[in-house]
Amino acid sequence: MLVTRHTEACSVLADSRYVPPPVRQGAPVGTLAWLRALVSRFSTGEVHADRRATLTALLAELAGPDVARLRAGARRLTLERRGDWRGVPTAVLGEALGFPEIDRLVEAVRAAAPGYLSGEESADADAAVTELVKLAGQGSWQGSWQGSEDDGIARITLLLQAHAAVEGLVANALAHATPGVPVDDLLHETLRHDPPLKVTRRVDRETGDEVGIDLVTVNRDPDVFAAPDRFDAARGETPHLTFGAGLRPCPAARHALALAAGVLDALAGTSASGEGR
Ligand code: HEM
């Protein structure tokens, strides 16, 4: 079933009958499948609640003034790289989370991120996960590294969740960028009109049926959004579902916006704004 109406999408996302599709258990330590079996994103019930609590605690550490720091950091690094912004959000987030060797980190995140979301296993993705675990073992928080459900896995999770989504948001926003439109308005409307993640999935625990939530269509539901197909940066914030909703929405919407905005701030202020698109 594909959900295309906003109200129905909110109901499914708020109903514990619908859970993320199950992931493979018992895979060898250090592989992509091993990691997916340990993260909040693909777990349910109390296990999900516990893992999500670790993530939100970490995100809270990065919140407040530090969200502004993420924006400033993304702006600075994009300028330093003369507009070549790919990898910048992940580098800034990785540094804020306390990871060492940021270039190696970004390369490993880039290699592991597609499989992390899709579940498609490969030798390259497994090697990238092993590398991420190694880097996490050398993180500045290493005294608190305790094993499977600890801080290190949570920090890796944050990077893998963030990578493609934030880069997708920046790329989509650049396609709509117009001189004079404030970066925050551009981002809010891009999130609604052109979400970086197009679909999120659930399984009905009672019937086993798969449910897809079509985020593009629900964000253009005419019952909720006037002239829904028109890109209108003057709308400001809207009740789009790009960050999910209900029981397990994205816990890092503010962080995502800060990272993307920092890149766009830099590109808007430099003559190199076309580079890296
Ligand atoms: C534009 C950027 C982003 C978008 C569009 C986005 C979207 C989403 C969505 C839709 C979900 C829920 C998926 C579902 O269960 O249906 C989600 C979950 C999540 N996101 Fe984001 N996200 C973004 C950026 C980020 C960033 C920057 C971080 C970390 C700093 C992050 C961390 C997470 C985590 C940890 C989860 C899993 C939450 C849980 O397990 O309960 N996301 N995101």
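This is a short group-meeting talk on the ligand site of one structure.

Okay, hi everyone. Before anything else: what you have in front of you is a predicted model. I'll go straight to the ligand.

So, where does the ligand sit? The space it takes is the largest pocket. Three elements each give two or more residues to the shell around the ligand: helix H3 (45-61), helix H8 (151-176) and strand E3 (199-204). And which of those gives the most? That's H8, with six residues.

Counting everything, 25 residues surround the ligand. Ser40, His48, Arg52, Thr200 and Cys250 are the closest. As for what kind of shell that makes, 15 of the residues are nonpolar, six are polar and four are charged.

Now the iron. How many donors does the iron atom of the ligand have from the protein? Just a single one, and that's the SG of Cys250, 2.4 Å away. If you want to find Cys250 on your screen, look in the loop between helix H10 (215-218) and helix H11 (253-268).

Then there are the ligand's oxygen atoms, and here I have three side chains for you. Ser40 has a polar side-chain atom 2.5 Å from a ligand oxygen. For His48, an N or O atom of the side chain is 2.7 Å from an oxygen atom of the ligand. And Arg202 puts a polar side-chain atom 3.0 Å from a ligand oxygen.

So if you take one picture home: the ligand is in the largest pocket, with Cys250 as the single protein donor to its iron, and Ser40 is one of the side chains with a polar atom by a ligand oxygen, at 2.5 Å. That's me done, thanks.

Technical notes
Residues numbered from 1 in each chain as written. Predicted model: local features only at pLDDT ≥ 70, side-chain atom pairs only at ≥ 80, totals over all residues. Heavy atoms only, no water. Near = heavy atom within 4 Å. Polar contact = N/O pair within 3.5 Å; in protein donor to acceptor, adjacent residues only side chain to side chain. 1 Å grid on protein atoms, 1.4 Å probe; cavity = no way out; pocket = protein on both sides within 12 Å on 5 of 7 lines; lining within 4 Å. Sits in = over half its atoms within 2 Å of the grid points. Helix = DSSP H or I, 4+ residues; strand = E, 2+ residues; numbered from the N terminus. Nonpolar A, V, L, I, M, F, W, Y, C, P; charged D, E, K, R; others polar. Donors = N, O, S within 2.8 Å, 3.2 Å for Na, K, Ca; no water.
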